[in-house]
Amino acid sequence: MDQILDLAATNLLSPIILSFALGVAAALARSDLNIPEAVAKGMSIYLLFAIGFKGGVSVADHGIDATLALSLLAGIALSAALPLIAFALLQVMGNLSRLDAAAVAAHYGSISIVTFVAATSVLTGSGITSEGYMVAVAAAMEAPAILSALWLISRGGDARRMDNDLLREILLNGSIVLLVGSFFIGWITGVDGLVKIEAFIVSPFQGVLCLFLLDMGLVAGRGLRSSSGVLTPGVLAFGVVMPVVGATFGLVTGLLLGVSTGGVALFMVLSASASYIAVPAAMRVALPEANPSIYLTLSLGVTFPFNLTLGIPIYVAVASALTGGQP
Amino acid sequence: MDQILDLAATNLLSPIILSFALGVAAALARSDLNIPEAVAKGMSIYLLFAIGFKGGVSVADHGIDATLALSLLAGIALSAALPLIAFALLQVMGNLSRLDAAAVAAHYGSISIVTFVAATSVLTGSGITSEGYMVAVAAAMEAPAILSALWLISRGGDARRMDNDLLREILLNGSIVLLVGSFFIGWITGVDGLVKIEAFIVSPFQGVLCLFLLDMGLVAGRGLRSSSGVLTPGVLAFGVVMPVVGATFGLVTGLLLGVSTGGVALFMVLSASASYIAVPAAMRVALPEANPSIYLTLSLGVTFPFNLTLGIPIYVAVASALTGGQP
Amino acid sequence: MDQILDLAATNLLSPIILSFALGVAAALARSDLNIPEAVAKGMSIYLLFAIGFKGGVSVADHGIDATLALSLLAGIALSAALPLIAFALLQVMGNLSRLDAAAVAAHYGSISIVTFVAATSVLTGSGITSEGYMVAVAAAMEAPAILSALWLISRGGDARRMDNDLLREILLNGSIVLLVGSFFIGWITGVDGLVKIEAFIVSPFQGVLCLFLLDMGLVAGRGLRSSSGVLTPGVLAFGVVMPVVGATFGLVTGLLLGVSTGGVALFMVLSASASYIAVPAAMRVALPEANPSIYLTLSLGVTFPFNLTLGIPIYVAVASALTGGQP
Amino acid sequence: MKTHKAKRVAIIIEQVMQSRLTDAMSKAGVTGWSVLPVLGGSGSSGAWSREGQVTRGAGMVQVICVVRPDRIDALLEEAFSVVERHIGIVTIGDCEVLRAERF
Amino acid sequence: MKTHKAKRVAIIIEQVMQSRLTDAMSKAGVTGWSVLPVLGGSGSSGAWSREGQVTRGAGMVQVICVVRPDRIDALLEEAFSVVERHIGIVTIGDCEVLRAERF
Amino acid sequence: MKTHKAKRVAIIIEQVMQSRLTDAMSKAGVTGWSVLPVLGGSGSSGAWSREGQVTRGAGMVQVICVVRPDRIDALLEEAFSVVERHIGIVTIGDCEVLRAERF
Ligand SMILES: Nc1ncnc2c1ncn2[C@@H]1O[C@H](COP(=O)(O)O)[C@@H](O)[C@H]1O
Ligand SMILES: Nc1ncnc2c1ncn2[C@@H]1O[C@H](COP(=O)(O)O)[C@@H](O)[C@H]1O
Ligand SMILES: Nc1ncnc2c1ncn2[C@@H]1O[C@H](COP(=O)(O)O)[C@@H](O)[C@H]1O
Ligand code: NA
Ligand code: NA
Ligand code: NA
């Protein structure tokens with residue numbers, strides 16, 4: 001418990017979290033502080049490229065673990081299964097329509113790469129290593145949740161939600177392609193490649209992450225301000241309960257696979273996190289009647305800050321305790 | 001005197017100033033060289049974040065000086081008083097309308113953060129330290145000048161210039177929020193936080209500043225080209241005289257407060273510099289009849305280059321001479 | 001031969017080339033991965049500034065070579081002459097209209113600064129030095145080709161293609177001004193200046209180049225997809241033959257001038273490469289009837305990847321073999 | 001297809017005035033609008049461009065608002081009160097819309 | 001100058017639907033269009049803005065399409081099939097064009 | 001509110017031609033215009049998009065110009081001389097304006 005509190009305190013007072021808090025505060029106070037869309041997108045491309053590349057280099061360095069394939073499969077299964085659980089939970093906790101519930105469920109099966117990045121920062125800061133291929137697991141978990149959610153809706157008799165164009169858009173969305181692509185580039189070029197671009201993708205990484213989280217805070221704060229009232233208390237609670245439920249599934253999966261302490265923590269983080277970049281686009285195409293204010297506010301305004309501040313330290317502490325690693 | 005010339009020469013041949021000169025030259029020669037607005041804004045966010053953060057870390061490191069509160073108050077007083085002096089000076093030197101004169105005056109009471117940043121570069125380059133909280137003083141000096149200038153106008157019987165929305169916009173404008181916010185983040189996280197993001201906010205800082213000044217040069221050059229003729233000789237002269245007058249007030253303030261050599265120099269720089277980012281927006285809302293070509297050209301096209309090239313070395317040399325520090 | 005293969009293999013598996021390949025693959029697979037225009041432009045400004053600055057510093061450091069002026073003149077002559085050869089070659093190989101052929105020819109006389117940058121990376125990686133002023137030669141080679149091509153057209157009786165505005169736009173286009181300007185800044189500030197901004201323009205350079213080439217790959221891939229069919233086999237072949245022809249002229253020039261191994265290689269690269277940033281704009285103004293799909297696809301979709309993957313290693317190996325340097 | 005008569009109002013206004021304008025439009029009962037970027041322009045107060053600008057005081061946007069013809073007067077009244085002292089230009093054109101029930 | 005009658009169709013639609021819309025327009029025999037950015041807006045589904053957004057699900061664009069009057073019905077038919085279930089707004093205005101032979 | 005009849009001219013033209021067009025418009029006595037960005041489009045010369053572009057040769061902008069009806073012919077004459085050999089499209093629509101004294 002002390003460990004968790006310690007980790008949580010260190011985490012809460014890190015430049016990353018404080019930058020996010022600054023963004024939220026500025027938006028709630030209606031400051032005109034804002035980061036141009038192109039700069040925000042540029043930073044997200046940088047982060048995806050860097051995290052993918054470093055994951056690939058780590059795989060090149062440590063060799064392929066026997067559990068890599070299993071981890072990928074487990075990730076896909078988690079991503080496909082979690083929406084069903086989220087959907088069931090929403091039936092109990094919220095009063096959302098089937099469409100809104102399915103759209104929300106898709107987000108929680110999928111993953112938030114920024115949460116993943118923040119978690120790897122905390123792990124690195126605590127000296128806990130993790131499997132480099134967890135980046136590939138993250139990429140693998142992006143899309144299956146969307147298909148699950150659409151299946152949930154089509155079961156309700158509502159057809160024609162999916163076509164080939166949409167399938168291609170989902171499977172080849174920019175984040176997946178960049179993450180997987182840079183993962184392979186890192187894998188192929190290995191440590192030699194890393195040395196060449198280290199000063200770009202490693203050293204300034206934490207700083208870019210600060211500005212990116214400042215932007216996420218601004219967007220989340222603006223969302224909370226303009227959508228206040230959209231979320232009922234039940235739905236709000238779901239935004240905090242679901243990550244814990246997801247993390248538990250991630251924990252069990254990680255333990256069964258026998259991955260490292262860091263690997264277990266990242267499985268928890270991926271399962272706990274909710275998509276914000278890729279899934280909303282798929283939902284706008286396939287379920288346009290679902291209210292975006294609900295899923296965007298829940299994912300970015302509630303679950304993301306929860307994971308960032310409390311979730312990650314808890315998941316890391318639990319993973320450490322149960323795998324015998326130290327946080 | 002030799003010292004000043006030396007410092008001025010070093011300063012004039014620094015990459016920063018030469019980049020600014022390149023921008024001005026390119027614009028005057030009507031080259032199509034230009035930096036996208038989003039990139040320019042991204043760089044200004046980076047600079048504000050970095051300078052605020054480093055100021056906060058320095059305060060965390062050296063503890064709060066007894067003069068911090070006094071310096072803040074003195075900054076606010078300077079910012080509020082300088083517009084009155086500028087306004088009076090303009091009555092004598094220029095032939096501007098009351099509205100135009102008040103708008104210009106607001107700019108000169110407020111501050112230019114890029115000039116401040118350039119001055120800290122010169123100080124660092126000369127091995128002169130300054131109080132970290134001068135960043136907070138800079139933030140405190142942004143807004144009061146606007147209120148002073150509006151008061152000047154309302155005294156003339158012209159009412160309803162100010163409402164709550166405008167007041168919030170002035171006090172919570174993006175630069176102030178980012179500067180103060182990152183100052184607190186730096187203060188809270190201290191040297192530990194700095195170590196994490198040093199490779200982002202310290203090492204590349206000078207280089208980003210070069211590109212930013214290239215952009216400022218381009219914009220200033222374009223402004224000079226399209227507004228040539230807008231400024232009478234008297235108003236032009238004001239653009240060079242007022243910074244020196246302001247610097248004198250800053251000098252006296254700094255000496256009275258007993259801050260370090262660098263602190264005195266920065267008080268001079270802040271008082272001498274004219275706003276370019278925040279004040280124009282407030283003027284467009286509150287004094288739309290004032291001609292923006294006048295205040296933008298004067299601030300960015302005349303006073304900014306003057307301070308950048310000659311002003312800063314002079315202020316630093318004077319501050320050094322009068323405080324017994326060495327430049 | 002082994003040397004060439006080795007160099008080619010190292011080159012092909014470098015992060016830079018793999019990033020380009022990722023971009024092409026993503027675009028061909030119709031992923032929605034894309035880099036905002038402002039970010040791409042920002043990166044190109046960064047690259048031009050950095051490469052120009054470093055070239056200037058190198059000249060400041062090593063002094064002016066007696067061959068500098070000769071090299072500049074030789075570059076101008078090459079740029080002016082190559083379009084004539086390209087035009088003649090196109091008459092034989094392709095079935096383009098005179099206008100289209102002249103527009104293409106202008107591109108091949110001019111240069112691609114990204115190809116130049118990639119080549120300097122390969123040289124640095126192989127420990128081969130080159131004259132710093134080759135950056136100035138690159139800048140000098142941008143424009144003459146355009147004038148040659150317009151002369152070709154005007155000879156055909158088609159007048160009024162050129163006016164003073166266009167001439168200014170050609171000679172003062174953004175890339176030339178930035179390249180030459182930062183070259184002079186580097187020259188003036190020398191190693192002292194470099195030290196100040198090294199962490200910005202040297203260390204992260206390779207990494208930025210990766211993301212920039214990712215973007216070039218995306219644009220090239222999209223171009224290939226949408227313009228497939230525009231290029232006949234003959235014109236396609238020209239896109240591979242012309243760089244080799246150009247490189248041969250560059251080789252002879254370099255050998256005659258007696259520049260270093262790296263200098264010869266860079267003369268080959270400049271002559272082999274085709275413009276993509278500056279010349280298209282001039283062609284749209286002066287030869288609007290020429291089909292941009294042809295010259296853009298050929299330059300960016302065929303010749304650029306050819307030079308990047310096979311061309312550069314070949315040119316470097318040949319230059320090494322013939323000058324007695326080792327690759 | 002069935003279309004309905006409407007008015008398309010386009011207001012080019014300084015960016016600093018944007019929220020004041022849309023607030024005023026809300027007050028006039030207008031519920032839908034879109035904001036488009038403007039890169040530069042020229043007018044009686046000179047030429048301007050967004051290129052490389054960091055100042056928040058420069059630059060205009062275009063607010064587009066499609067309204068039912070009977071709402072146009074209230075809209076113009078309110079919009080005018082905002083643009084009155086400011087630079088900018090208001091145009092009103094006739095148009096047809098699909099799905100009039102949506103606004 | 002000689003001008004020709006035409007229709008100017010402006011469709012504000014979610015960015016995720018853009019390629020589906022232009023594909024449908026091609027199917028309807030429309031060969032020319034332009035896409036303009038939209039910075040933000042407000043409607044029955046609330047307010048939105050592009051500022052700082054990285055999600056691909058938010059944001060709209062405006063597709064502008066000038067067509068010969070006789071093509072308008074086919075265009076609206078196809079456009080409607082795309083926007084039907086989605087938020088967005090379709091306006092049609094009269095205009096004159098130069099160089100009608102070009103489209 | 002009192003409005004005045006005017007013409008709204010929208011010219012979609014290649015970015016490289018923008019300054020030539022606005023110079024010509026000045027020559028025709030037109031003093032006000034605004035330039036709007038265009039993200040992409042399609043026409044007889046194929047499809048294009050701004051995404052990731054660094055070349056200065058690609059891309060179009062939309063120049064919008066509201067003029068008094070009696071100025072329209074001079075404007076079109078001059079505009080046509082610039083767009084003549086270039087790709088692009090010129091539309092003219094009727095509109096009403098507030099504050100006609102301003103232009
Ligand atoms: N007639 C016009 N047509 C289109 N835009 C205009 C017109 N007049 C003014 N503008 C825009 O409004 C801005 C301010 O106009 P002004 O108040 O005349 O200086 C200009 O810079 C243009 O962006
Ligand atoms: N009447 C309108 N005029 C202009 N734009 C509108 C209008 N109604 C809706 N929009 C745009 O379409 C988006 C979605 O509208 P809605 O479906 O009403 O929420 C809004 O956010 C605006 O960007
Ligand atoms: N009918 C049209 N409606 C709207 N924009 C068009 C139209 N035709 C052409 N354009 C725009 O003008 C560009 C060049 O057209 P074109 O000369 O037909 O290739 C296109 O890529 C579009 O951006
Ligand atoms: Na999840
Ligand atoms: Na001041
Ligand atoms: Na060449």
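Chain F and chain E bury about 1,900 Å² between them, and carbon and sulfur atoms give 59% of that area. Buried area is the accessible area (1.4 Å probe) that two parts lose on being put together, summed over both. In chain F, the residues that lose the most area to chain E are F:Leu39, F:Ser42 and F:Ile92, together 24% of what that side buries. The model is predicted: local features need pLDDT of at least 70, side-chain atom pairs count only at pLDDT 80 or more, and totals for chains, interfaces and linings use all residues. Residues are numbered from 1 along each chain as its sequence is written, chains are lettered from A in the order in which they are written, and side-chain values use heavy atoms, with hydrogens and water left out.

**Chain F against chain E**
- The contact (heavy atoms within 4.5 Å) takes 25 residues from chain F and 21 residues from chain E.
- The rule finds zero salt bridges across this interface; a salt bridge is a side-chain nitrogen of Lys or Arg within 4 Å of a carboxyl oxygen of Asp or Glu.
- There are 11 residue pairs in polar contact, both at pLDDT 80 or more. A polar contact is a pair of N or O atoms within 3.5 Å; within protein, one must be able to donate a hydrogen and the other to accept it, and residues adjacent in sequence count only if both atoms are side-chain atoms.
- β1 (4-14), β2 (33-37), β3 (40-43), α2 (72-83) and β6 (88-97) of chain F each supply at least two residues of this side. Helices (H or I, at least four residues) and strands (E, at least two) are DSSP runs, numbered from the N terminus.
- β6(F) gives the largest share, six residues.
- Strand β2 (residues 33-37) of chain E pairs with β3(F) in the antiparallel sense over three bridges; pairing needs at least two DSSP bridges.
- F:Ser42 in β3(F) stands opposite E:Trp33.

**Chain F against chain D**
- Here 21 residues of chain F are in contact with 25 residues of chain D.
- The count of salt bridges is zero, and 11 residue pairs are in polar contact.
- β2, β5 (60-67) and β6 of chain F each give two or more residues to this side, and β2(F) gives the most, five residues.
- β6(F) and strand β6 (residues 88-97) of chain D pair in the antiparallel sense over two bridges.
- F:Val97 is the bridge partner of D:Thr91.

**Symmetry**
- A turn of 120° and a shift of 0.0 Å along the axis lay chain F on chain E with an RMSD of 0.0 Å (least squares on the C-alpha atoms of residues with pLDDT of at least 70 in both).
- That is the relation of a three-fold axis.
- F:Pro37 comes closest to the rotation axis of the residues of chain F, at 4.1 Å (C-alpha).
- The copies use different surfaces: 8% of the contact residues of chain F recur in chain E.
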